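Please read the following report alongside the sequence and the three-dimensional view. It moves from the overall fold to individual backbone positions.

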Amino acid sequence: MKIGIVGLGLMGGSLGRALVKKTEHTVYALDRDGEAMLKGGMLEAYHEELTDKNACELDVLVLAVLPSAMEGIAERFLPLMKSGATVTDLAGVKRPVVNLMKEWAKRRPDLGFAGGHPMAGREFSGVAHSTVGLYENSSVLIVPVSAELEQLAVLKKMYVAVGAEGVVITDADTHDEMIAYTSQLAHVVSSAYVKSPSADKHYGYSAGSFRDMTRVARMNASMWTELMRENADNLSREVRSMAVRLTEYADALDRGDDGALYRLLEAGNEKKLSVEKDRLRKLQNALDGD
């Protein structure tokens, strides 16, 4: 296949590098930042630059940019793409993307459109921090908009080829609701946690727990501001629910109520074991289905 990637950041760059390294696909790439293109070329994140001339050859166009940047890319490349090609994205929210794709599908009903979100990442940004193995063992969420089964199968094969564990088909509302909890809330909590005055004195007093809790406090604030704003209803609900649960622990401590504190901690322990068991069961079912 011929795959175009617009946006050579961490996600787009890692996808390109993995496709170049692990598959026989031809990868075209474009980034408005010339330095990103230069670094991407040095890291072998693409074979050729994506241009108006070769866009007509693409089988898949991947938009590895924020939702706010997608309309301009569509205006440029959608009229040039061949019938039957598939357009997808890598953004961390899906409702605004799906709304855009529905409009694009009216203009190009002969193309396939499906939102995508690989559950992979690092606390660093930019193509310089991309890795060939970023997508390995990841789950990829796919939100069909106007794609045929064959086009969805093409996307699944592309992700599996770069090491993804599997693909989960979902809808935009469910995606954004769950991502508010599994991803965005984690970033908010990490950001709030590291702001404690005690953080300035942590040297010598911290180990894995501190590293785990603060890892995603390091983030691209501009990118995450847009993603969180686009999912504000779901994320605000999760943050406020988290605040209520934290207050339960503080209240138990203030009362000196060992029984209540024990029950809170044990309930968390049991919940962790339960969700992990459920995850492994669903993973096995997915593998058996393949």
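The text below takes up the overall dimensions, the surface and two loop residues.

This is a predicted model, in which local features need pLDDT of at least 70 and side-chain atom pairs count only at pLDDT 80 or more, while totals for chains, interfaces and linings use all residues. Residues are numbered from 1 along each chain as its sequence is written, and side-chain values use heavy atoms, with hydrogens and water left out.

The protein has ten helices and eight strands, helices being DSSP runs of H or I with at least four residues and strands runs of E with at least two, numbered from the N terminus. Its C-alpha atoms fill a box of roughly 70 × 40 × 35 Å along the principal axes. Among contacts (heavy atoms within 4.5 Å) between residues at least 6 apart in sequence, 76% join residues at least 24 apart.

Of the 290 residues, 40% are buried, where buried means under 20% relative accessible area, exposed over 50% and partly exposed in between, with a 1.4 Å probe and protein chains only. The accessible surface, from the Shrake-Rupley method with a 1.4 Å probe, comes to about 15,700 Å², and 54% of that surface belongs to carbon and sulfur atoms.

Two residues other than glycine with a positive phi are set out here.

| Residue | Phi | Loop | Relative accessible area |
|---|---|---|---|
| Glu44 | near 60° | between α2 (34-42) and β3 (48-49) | 53%, exposed |
| Asn137 | near 65° | between β6 (112-118) and β7 (139-144) | 60%, exposed |
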